Amino acid sequence: MHLFRNEEVVRFTIFYIVAGACFSLGGGLFLSRNAGLLVLGACVLFYLVYLFHARSRYRKMSDLAAGIDQMLHSGTMMDLSSFREGELSLLEDELSKLMLRLGEQNDQLKKDRIKMADSIADISHQIRTPLTTANLLLASLKKAQAERTAAGISEQSDSRQQEQMHIRGQLLELTRLLERIDWLVNTLLKMARLDAGTVKFREEELSFETVVEKAAEPLAIPMELKEQELVCHLEGGCKGDLLWMVEAVGNVLKNCMEHTPVGGRIVVEGSENMIYSQLLIRDTGPGIQQKDLPHLFERFYKGESSSAQSVGIGLALSQSIIHNQNGYIRAGNAPEGGAEFVIRFYKAVV
């Protein structure tokens, strides 16, 4: 019988055999033979009742285990209303909570998979578009080179100079597209490393002046083209990894630059006190819409005011970097207008 594979049943069986033999022998010796047989019969009866109860109990437990196994493999919920026997009722309550939680997590995973599929499709589109344009530019350059070779255009001719200017413009556009592809791929790889927990952050004493200076370097030309001004009032610093901190602050500055109009201004203030170090970044753009504020740091979220080239991963990456270095970032709107980002690093657990 499967029942005797259970160690508890085997132990009780041995106990009943020994106890029944002892009581029967004792009754037969000290009372009478009939008394001994009566005691033996009572022990056998109690043992049979125990076996019936144990079989019913472990059958329910076996059914419960089979139901849980079916739920885990098929995803269907099971009815636990029949499992109300003794201590099984406590197990039923806990399993009900567990299955409810598993059901919620399963629904969330389905939503996450759908969101991830949409995000991958969006990223694929973002990468495919510049790649297609780059291929067209390369084809145009090859065609121009072939036509120039066939026509034998003079080095000093006006048409040659115009062609050179056209080719130079195409090369600049091609360079910009390839740089964007490189940024997309590198950003996704950084986010994957952060999610996997494989990044080891160094703890260096950093000055806000150094961090902001390095973070603003790649934005110097775009800001100059938009006639934007970067105003810095930086004091203090924090502990962290310089390269990752530059990445986080750079993404925030880039977001401000993209949403600040021509001739606008971006202000960065760094301060430090006994409790925390803080970077405050403001711009003179239109600010952040209230419906976008709760989702601003979500991955692949794009607000209505986002540009067509935006993927929605820059601020999410910044938040992940800052949180992994025991800091926090908050976004809002400044009282005088424009977006405002607060990056804070506490010096002790609060």
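Visitor: Let's start with one residue: where is His-166 found?

Guide: His-166 is found in helix H4. Helices (H or I, at least four residues) and strands (E, at least two) are DSSP runs, numbered from the N terminus. This is a predicted model, where local features need pLDDT of at least 70 and side-chain atom pairs count only at pLDDT 80 or more, while totals for chains, interfaces and linings use all residues. Residues are numbered from 1 along each chain as its sequence is written, and side-chain values use heavy atoms, with hydrogens and water left out.

Visitor: Is His-166 buried or partly exposed?

Guide: Buried means under 20% relative accessible area, exposed means over 50%, and partly exposed is in between (1.4 Å probe, protein chains only). His-166 has 48% relative accessibility, so it counts as partly exposed. Its C-alpha is 9.5 Å from that of Leu-141, and the two are 25 residues apart in sequence.

Visitor: And the chain as a whole: how many helices and strands are there?

Guide: There are 8 helices and 7 strands. Of the 350 residues in the chain, 36% are buried.

Visitor: How many residues does the largest nonpolar core have?

Guide: General idea first: in soluble globular proteins, nonpolar side chains tend to be buried together. A nonpolar core here is a set of buried Ala, Val, Leu, Ile, Met, Phe, Trp, Tyr and Cys residues joined through side-chain atoms within 4.5 Å. The largest one has 44 residues, and those with the most contacts inside it are Val-249, Leu-253, Ile-266, Ile-281, Phe-341 and Ile-343. Elements giving it two or more residues include helix H4 (158-196), strand S4 (265-272) and strand S5 (276-283). H7 provides the largest share, 9 residues.

Visitor: Which residues does Ile-266 touch?

Guide: Contact means heavy atoms within 4.5 Å. Leaving out residues up to four places away in sequence, Ile-266 touches a list that includes Met-223, Leu-253, Cys-256, Ile-281 and Arg-282.

Visitor: On to helix pairs: at what angle do H7 and H8 cross?

Guide: Axes are lines fitted to C-alpha atoms, for helices over the stretch in contact, and angles run from 0 to 180 degrees between N-to-C directions. The axes of H7 (residues 242-259) and H8 (residues 314-323) cross at roughly 145 degrees and come within 9 Å.

Visitor: Which residues meet there?

Guide: From H7, Trp-244, Glu-247, Ala-248, Asn-251, Val-252 and Asn-255 meet Gly-314, Leu-315, Leu-317, Ser-318, Ile-321 and Ile-322 in H8. If you're wondering about the spacing, an α-helix has 3.6 residues a turn, so residues three or four places apart point the same way.

Visitor: Why is H8 largely enclosed by the rest of the structure?

Guide: Because 8 of the 10 residues of H8 are buried. Among them are Ala-316 and Ser-320.

Visitor: How many disulfides does the structure hold?

Guide: A disulfide is a pair of cysteine sulfur atoms within 2.5 Å, and the structure holds 0. Cysteine settings vary, though. Cys-232 is partly exposed at 35%, while Cys-256 is buried at 0%. Cys-238, in strand S3, is buried too, at 5%.

Visitor: What does Cys-238 touch?

Guide: Beyond four places in sequence, its contacts include Glu-204, Glu-205, Met-245 and Phe-345. The C-alpha atoms of Cys-238 and Glu-205 are 6.0 Å apart, with their positions 33 residues apart along the chain.
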